[in-house]
Amino acid sequence: MSTYRTLKVPASEITPHSIWLRRRELLATGAGATFSLLAPSLASAMPLNAAKSMYTVADKLTPKNDVTSYNNFYEFGVGKSDPSEYSGEFKPLPWAIKVDGMVGKPCTFDFGQIMKTFPSEERVYRMRCVEAWSMVIPWDGFPLSALLDKVEPLGSAKYVALQGVVRPSEMPGQRGLIQPLAWPYVEGLRLDEAFHPLTILAVGLYGETLPNQNGAPIRLVVPWKYGFKGIKSIVRITLTDQQPPTTWNVTARDEYGFYANVNPHVPHPRWSQATERRIGAGSFFGSDRRPTLMFNGYGDEVAHLYAGMDLRTYF
């Protein structure tokens with residue numbers, strides 16, 4: 001008799017349920033046929049000379065293959081493997097980021113200029129997805145604060161709004177009449193969160209430039225927040241005095257808050273956040289289950305940012 005067991009897929013693999021329903025609609029309209037004609041992402045990775053840093057964790061690194069083949073990037077599709085399979089036509093260079101709003105020196109940074117101006121360093125961070133799975137990733141990048149300092153934020157600025165790219169011709173998840181999300185993908189941080197030294201703009205992982213499927217050429221990484229805060233392929237950063245809209249908060253306000261701090265005590269409406277599956281951890285099914293840490297284990301560094309706040313209300 002076979003010793004294999006049926007692997008039960010957790011409900012948390014789908015975020016939210018309405019997205020899955022729309023995916024079925026897309027397939028029914030023939031969009032899936034278009035997706036199947038696209039070549040896998042074969043973007044050439046270039047080595048980065050990132051210095052080692054003090055920011056690391058003792059956890060075992062998630063295998064690179066898992067990091068680059070199992071992730072969410074809805075611009076390429078709603079499945080976990082869609083980003084790696086369907087991002088081959090995306091062209092991450094040339095690239096520029098516009099930084100404007102409540103700043104003294106608005107500027108548009110060419111990506112080459114960014115790489116020369118802001119030296120990269122390796123940051124080994126835990127990454128906790130809101131879907132209750134996690135990874136440990138060696139990012140290469142630099143503090144977001146370093147870029148913001150260049151544009152001289154005004155004293156009236158309170159938030160940082162970020163915007164992702166819209167390229168339907170290169171991103172099949174943005175094509176078609178039925179869309180899972182409203183584009184562009186947008187995110188936001190409070191100004192003190194953006195200036196926290198843990199908050200980085202990542203330009204690589206595992207010592208190489210970011211693959212298309214992981215947010216090439218530049219993305220946000222905020223390790224104490226759920227992974228959906230890590231907006232990918234950023235084209236604009238705007239400083240404002242108003243809390244900016246964020247894609248998932250607009251899509252499902254009762255499920256995804258603006259702050260999105262990792263909190264095992266505040267469940268998602270459809271699943272618990274008390275534990276997580278560590279992808280690629282080496283058990284029989286390639287992952288294991290472990291308790292989720294408050295602020296993803298970064299509480300000593302960031303808890304003071306939320307002193308006095310009700311984190312069940314401001315989730």
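This report walks through aromatic ring pairs, charges over rings and one sheet in a predicted model.

## Aromatic pairs around Phe258

Let's start with the rings. A pair of aromatic rings is described by the distance of the centres and the angle of the planes. Across the whole structure, a search turns up 15 aromatic pairs. One of them joins Tyr159 and Phe258: the ring centres are 6.0 Å apart and the planes stand at 80°, so this pair is edge-to-face. Tyr159 belongs to strand 5 (residues 159–164), while Phe258 sits in the loop between helix 8 (247–251) and strand 11 (275–279), so the pair ties together parts that are 99 residues apart in sequence. Tyr159 and Phe258 are both buried.

Phe258 has another partner in Tyr259. Here the centres lie 5.2 Å apart with the planes at 90°, so this pair is edge-to-face too. Both of these residues, Phe258 and Tyr259, are buried. Ring pairs link Tyr159, Phe258 and Tyr259 with Phe295, Tyr306 and Tyr314 into a cluster.

## Lysines over rings

Phe258 also has a lysine for company: Lys229 lies over the face of its ring, 4.5 Å from the ring centre. Elsewhere, Lys232 places its charged end over the ring of Phe73, at 5.3 Å from the centre.

## A five-stranded sheet

Now to the backbone. Strand 5, home of Tyr159, is part of an open sheet of 5 strands with the order 2-1-10-5-6 and mixed pairing. At the edges are strand 2 (107–110) and strand 6 (186–190), each pairing on one side only. On average, neighbouring strands of this sheet are turned by 15° against each other, direction ignored.

Within the sheet, strand 1 (residues 96–101) pairs with strand 10 (residues 234–240) in the parallel sense, over 4 bridges. Val99 stands opposite Ile237 in strand 10.

Methods: Residues are numbered from 1 along each chain as its sequence is written. This is a predicted model: local features need pLDDT of at least 70, side-chain atom pairs count only at pLDDT 80 or more; totals for chains, interfaces and linings use all residues. Side-chain values use heavy atoms; hydrogens and water are left out. Rings of Phe, Tyr and Trp (its six-membered ring) pair if their centres lie within 6.5 Å; planes under 30 degrees apart count as stacked, over 60 as edge-to-face and the rest as tilted. Helices (H or I, at least four residues) and strands (E, at least two) are DSSP runs, numbered from the N terminus. Buried means under 20% relative accessible area, exposed over 50%, partly exposed in between (1.4 Å probe, protein chains only). A charge sits over a ring if NZ of Lys or CZ of Arg is within 6 Å of the ring centre and within 35 degrees of the ring normal. Two strands pair if DSSP finds at least two bridges between them. Axes are lines fitted to C-alpha atoms, for helices over the stretch in contact, and angles run from 0 to 180 degrees between N-to-C directions.
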